Amino acid sequence: MLARSEEGRAELQGRVASLMANGYFTSLIENTAQAEADQEAQGDGFTIAFVPQNSSVYNPDKSSTFKVVPHQAFMLGYADNTHLKGFQANDIVQLGDYYDFANFGAVTDCNSPDFNDVDGIVGFGLPSPPPAQPAPAPSTSIMPGMAPSGAPPATLPMPLLFSLTKEESDEGSKVQKLERRAFSFLSTDKKAEIQLGGFDPDAIEGQMFLTPSISPHDYSVVAVSLKYGDTELLQFKPTDPRLRYVPAIMDSGTSCLVMPDSDLNGLIHNKPFSTWKSIVGDTTHPKEKKDFTLNIAGREFVIPYDSWFLDDSNQSCVQPAPPGFPGLLVGDVFFRRFLVMFDLQHYPQSVVIGIGKQKPDYQPLDFYGKAKKLQFEKRQVNISKAPPGYSVSFASDEIPVYNQLETQYFMNISVGTPRQNFTVIFDTGSSVFGIFTKCIPNAPSYGRCVFGGGPKGDSTLLIEGAVFVLSVSIGLCVVGILINMWVRKKHEESVRQAQNKSKNSSGSAYSTDMLNQYYTQVP
């Protein structure tokens with residue numbers, strides 16, 4: 001989610017800082033008033049406004065399968081002051097031909113222009129660890145899972161990929177799910193594509209290189225070298241080869257190649273970004289137009305000059321990491337030349353990452369077309385460094401992805417019954433699954449209702465309620481009139497009967513017997 005601008009560079013700092021905290025942090029806010037007070041105190045800090053009117057919004061009231069996840073807020077904050085707030089919901093979610101019930105963040109409050117013209121985000125990253133919680137204080141709450149203040153626990157839904165993958169408990173169910181929890185992603189200068197269930201061997205040439213992820217929380221591989229031309233940018237100090245590496249996170253949500261501008265607490269002799277900048281001079285007009293060569297676990301991958309330098313804007317898509325970030329962030333400049341597979345079949349015990357060079361003539365699906373089913377006969381594929389007992393998995397489906405100026409990737413999903421369609425950001429560097437949602441009366445509110453609705457319902461609900469109350473009132477009035485007419489008729493009949501039975505001196509219509517019934521006795 002990185003723009004090629006000063007704002008984009010500032011966002012990069014925020015994104016990398018958030019990855020340092022395992023992708024994101026969660027925080028709970030007790031009520032809407034507190035949330036608005038915090039936001040007013042901090043300020044959004046964006047030069048471009050977020051325009052919620054340009055997004056399609058999930059309406060829970062229009063889905064017969066919608067449910068609120070009890071006592072679960074959805075609170076997400078990034079270091080650049082981006083926030084997503086709402087509640088957790090459960091409904092049927094469909095991607096391509098696969099669908100099942102899934103929990104997601106029903107986002108009712110968003111402030112970041114990075115989400116302009118889209119309807120949410122679907123992260124295909126690894127599940128984030130739960131945030132550290134302080135020791136619970138003695139509670140007098142009568143509601144399980146709720147603090148005395150009413151704040152729900154800080155948890156986030158599992159990534160969508162997990163909900164759409166078959167489990168043993170799914171046998172005999174009517175849902176349509178993936179056989180294997182794996183996917184691949186590739187991009188070109190104009191298009192992009194997700195391959196579900198594995199990878200398409202027709203999309204690569206040469207070997208598929210396999211390596212394990214070294215982190216249980218992000219797609220991080222071992223980078224043992226990064227060269228610019230013939231100049232080594234990672235000049236390690238240790239002589240022990242087991243210590244001569246930095247983690248490299250494979251992140252489609254970042255546009256550029258991000259490298260440290262420090263010695264990483266003495267791990268290396270130099271500052272990689274400064275070393276590179278001293279070679280190229282002016283980053284808008286590099287003196288030396290070289291390729292980068294990234295060595296991942298012993299295999300070299302070339303990032304050519306025309307991939308990292310953006311001719312249309314005269315910018316180098318190479319960025320310095322903020323202080324404290326311990327390695328590399330490998331963004332879209334890599335995905336535009338290589339197919340990357342993420343195999344989570346044995347998560348959390350292990351995650352396998354595969355990298356294959358894209359065929360130059362391979363054409364991803366057009367975004368405005370349909371998803372494509374794949375069928376492969378058994379074939380031999382060239383796999384290197386496969387883990388013991390590893391079986392390669394071919395993709396079963398291809399999902400088109402929209403490539404917006406090589407800075408953001410969008411995909412289509414549907415939610416609810418009947419289906420409501422949305423265009424969302426696709427991101428391998430995050431596990432967040434959130435859809436912009438209208439506030440409704442029977443769901444909690446943890447922030448503003450920027451997409452409409454509210455705790456007391458919207459105008460449509462108020463009108464429907466008024467019509468209902470008016471109808472009931474009219475019905476009761478009619479019943480009251482009929483009862484009154486019946487009572488008056490019975491009274492008139494009693495009067496006539498009394499007149500026929502008695503003619504007393506006073507000329508009264510009431511006999512002594514009738515008066516005794518009212519006053520017990522008559523003098």
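1. In this predicted model, the structure holds 37 aromatic pairs. A pair of aromatic rings is described by the distance of the centres and the angle of the planes. One of the pairs joins Tyr228 and Trp308, whose ring centres are 5.9 Å apart and whose planes make an angle of 70°, an arrangement that is edge-to-face. Tyr228 belongs to strand β8 (residues 220-228) and Trp308 to helix α5 (residues 305-308), so this pair ties together parts of the chain that are 80 residues apart in sequence. Both partners, Tyr228 and Trp308, are buried.

2. Another aromatic pair, formed by Tyr402 and Phe410, is stacked, with 6.1 Å from centre to centre and 15° between the planes. Tyr402 has a relative accessibility of 31% and therefore counts as partly exposed, whereas Phe410, at 6%, counts as buried. Ring pairs also link Phe124, Phe183, Phe185, Tyr219, Phe335, Phe342, Tyr409 and Phe426 into a cluster.

3. Turning to the nonpolar interior, the largest core has 84 residues, and those with the most contacts inside it are Met259, Trp276, Phe292, Phe334 and Ile413. Residues of this core come from both domain 1 (48-129 + 152-171 + 407-454 + 462-491) and domain 2 (182-395), so the core lies between the two domains. Phe292 can serve as an example: leaving aside residues up to four places away in sequence, the residues it touches include Leu226, Tyr228, Leu257, Met259, Trp276, Ile303, Trp308 and Val318. Phe292 is thus in contact with Tyr228 and with Trp308, the two partners of the edge-to-face pair in the opening point.

4. A second, separate core has 15 residues, among them Phe50, Cys110, Phe410 and Phe436. Within this core, Cys110 is buried with a relative accessible area of 2%, and Phe410, at 6% relative accessibility, is buried as well.

5. How many disulfides does the structure contain? The count comes to two, and a disulfide is a covalent bond between the sulfur atoms of two cysteines. In the disulfide of Cys256 and Cys317 the sulfur atoms are 2.0 Å apart, and the torsion about the S-S bond is about -85°, so this disulfide is left-handed. Cys256 sits in the loop between β10 (246-250) and β11 (257-259), while Cys317 sits in the loop between β15 (315-316) and β16 (318-320), so the pair ties together parts that are 61 residues apart in sequence. Cys256 and Cys317 are both buried.

6. The other disulfide joins Cys439 and Cys449, with sulfur atoms 2.1 Å apart, and with -100° about the S-S bond this link is left-handed too. Cys439 and Cys449 are 10 residues apart, and each is found in the loop between β25 (433-436) and α7 (459-501). Cys439 is buried, with a relative accessible area of 6%, whereas Cys449, at 24%, counts as partly exposed. With bonded cysteines counted along the chain, the disulfides follow the pattern 1-2, 3-4.

7. Strand β1 (residues 67-77) and strand β2 (residues 83-95) pair in the antiparallel sense over seven bridges, and Gly77 stands opposite His83 in β2. The hairpin of β1 and β2 has five residues between the strands, and in this hairpin Asn81 takes a positive phi near 85°.

8. A last point concerns Ser163, which is found in helix α3 (residues 160-163). Is Ser163 buried or exposed? With a relative accessible area of 16%, Ser163 is buried, because buried means under 20%. Not counting residues up to four places away in sequence, Ser163 touches Asp100, Phe101, Ala102 and Lys177.

Conventions: Residues numbered from 1 in each chain as written. Predicted model: local features only at pLDDT ≥ 70, side-chain atom pairs only at ≥ 80, totals over all residues. Heavy atoms only, no water. Phe/Tyr/Trp six-rings, centres within 6.5 Å; stacked < 30°, edge-to-face > 60°. Helix = DSSP H or I, 4+ residues; strand = E, 2+ residues; numbered from the N terminus. Buried < 20%, exposed > 50% of the residue type's maximum accessible area, 1.4 Å probe, protein only. Contact = heavy atoms within 4.5 Å. Pairing = 2+ DSSP bridges. Core = buried A, V, L, I, M, F, W, Y, C linked by side-chain atoms within 4.5 Å. Domains from an automatic or database assignment. Disulfide = S-S within 2.5 Å.
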